[in-house]
Amino acid sequence: MMKRFYSILFCLLLTSVAAQAQVPGFMGKRAYFTLDLNPTPALANQNVNNTITVILGDDARYDKQNVLAFNYRPQVNLEYLVGERTAIGLNYSLLQTGTMRKTDKLFGRDVEPDVLRGTSVGLNVRFFNKGESIAPIGLYQNIKLEYTTVNTYDDKASDEPLFTDDFNHFVFTYGIGRQKVVANAIVLRIGLELGYAATPKAAFEPMEEYTPVEEANYNVHRSMFGYYIFSIKLGIGSLLF
């Protein structure tokens, strides 16, 4: 009985050693975190200052234009290597961009800019290219699923949401890029990310029949869709353990 116990223990130790050999990590460390800024040119929707880079056609939702208009999405990532070239991670983001509201007036509707603000949590899987270097260094592909919670506010300083209920979206993103480690501790990341925020189909249908509240509601969905379409990944972090 004891021989069988020692045999099983020996097999478990061999399996553990083999697993450690398959997932070495840089400097023997598998866990790391990064802080991503995610700057994005305000092409698909206005930014938190309600400016936009390019106005395509006569779109009354955008009343300001600025060639340096950007959106940002600060994000904290914690990732752990589970394979020789695979890492899984948890993400938390602060969301802030612009949206538009229309109100009824005697001679039509007036446009009022609002701020769209909230948070998201996500799960990601990052795949590093084979043979280039030891993970988490090198070229990568990343897939991520996020769940967002947002509401609209009069401006950046306001703490009073304009809608009683928050808006929620599932967001799927795909990214490519490169990571490197500097001074055996600092993780640097640069890349590109494409995203799809699941929004109601009605948000992209003609708006002639919408009430001002419905239109403001659908503008939130359109802003979230535009907010995630394209992002530049710029991150810095550290190896942990």
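I began at E193, which is buried, with a relative accessible area of 3%. This is a predicted model, so I treat every value below as a property of the prediction.

**Entry: E193 and its partner**

I looked for what E193 pairs with and found a salt bridge to R73, at 3.0 Å from N to O. The two residues sit in distant parts of the chain, 120 residues apart. E193 belongs to strand β9 (residues 186-197), and R73 lies in the loop between β3 (70-71) and β4 (75-81). I checked the accessibility of R73 too: at 1% it counts as buried. Both ends of this salt bridge are therefore under the 20% cut-off for buried residues.

**Entry: E79 and R126**

Next I took the pair E79 and R126, whose side chains meet in a salt bridge of 2.6 Å, N to O. I place E79 in strand β4 and R126 in strand β6 (residues 108-128), 47 residues apart. E79 has 1% relative accessibility and counts as buried. R126, at 3%, counts as buried as well.

**Entry: K144 and E146, then the network**

I then turned to K144, which forms a salt bridge with E146; the closest N and O atoms are 3.1 Å apart. K144 is buried at a relative accessible area of 3%, and E146 counts as buried at 1%. Which residues do the salt bridges with shared partners join into one network? I noted D36, R73, E79, R126, K144, E146, R189, E193 and K233. The three pairs above thus belong to this one network. For the whole structure I recorded 12 salt bridges.

**Entry: the largest cavity**

I searched the whole structure for cavities of 30 Å³ or more and found one. The volume of the largest cavity is about 60 Å³. I listed its lining as Q75, N77, R126, Y140, N142, K144, G175, I176, L192, E193 and K233. Of the residues in the network, R126, K144, E193 and K233 are among those lining the cavity. At least two lining residues each come from β4, β7 (138-153), β8 and β9. Strand β7 supplies the largest share, three residues.

**Entry: the largest pocket**

I read the space in the largest pocket as about 160 Å³. Its lining has 13 residues, and those nearest the centre are V48, Y72, P74, L95 and Q96. The elements giving two or more residues to this lining are β3, β5 (86-105) and β6.

**Entry: nonpolar cores**

L95 turned up again when I listed the largest nonpolar core. The core has 12 residues: L95, L116, V150, F163, F167, V171, A197, A216, V220, M224, Y227 and Y228. Two or more of these come from each of β8 (167-182) and α2 (212-228). Which element gives the most to this core? I found that α2 does, with five residues.

I followed Y228 further and wrote down its contacts, leaving out residues up to four places away in sequence. Y228 touches R73, L95, S120, E146, T148, V171, T173, L194 and G195. R73 and E146 in that list are members of the salt-bridge network, while L95 and V171 are members of the core. I also noted a second, separate core of 11 residues, which includes F26, F128, A135 and V181.

**Entry: S158**

I looked up S158 and found it in the loop between β7 and β8. Is S158 buried or exposed? At 13% relative accessibility it counts as buried, because the cut-off is under 20%. Not counting residues up to four places away in sequence, S158 touches R117 and Y153.

**Entry: the chain as a whole**

I counted two helices and 10 strands. From the N terminus the elements run α-β-β-β-β-β-β-β-β-β-α-β. Of the 241 residues, 42% count as buried. Among contacts between residues at least 6 apart in sequence, 66% join residues at least 24 apart.

**Entry: confidence**

I closed with the confidence scores. The chain averages a pLDDT of 84, and 80% of the residues score at least 70. Over residues 12-21 the pLDDT stays under 50, and there the model has two contacts beyond four places in sequence. Where pLDDT is low, the predicted coordinates should not be read in detail. I left residues 12-21, with pLDDT under 50, at that.

Terms used
Residues are numbered from 1 along each chain as its sequence is written. Side-chain values use heavy atoms; hydrogens and water are left out. pLDDT is the predictor's confidence in each residue, from 0 to 100. Contact means heavy atoms within 4.5 Å. A salt bridge is a side-chain nitrogen of Lys or Arg within 4 Å of a carboxyl oxygen of Asp or Glu. Helices (H or I, at least four residues) and strands (E, at least two) are DSSP runs, numbered from the N terminus. Buried means under 20% relative accessible area, exposed over 50%, partly exposed in between (1.4 Å probe, protein chains only). A nonpolar core is a set of buried Ala, Val, Leu, Ile, Met, Phe, Trp, Tyr and Cys residues joined through side-chain atoms within 4.5 Å. On a 1 Å grid over the protein atoms alone, a cavity is a set of points where a 1.4 Å probe fits but cannot get out, and a pocket is an open set with protein on both sides within 12 Å along at least five of seven lines; lining residues have an atom within 4 Å of a point. Grid points are joined across faces, edges and corners, and a volume is the space filled by probe spheres set on the points.
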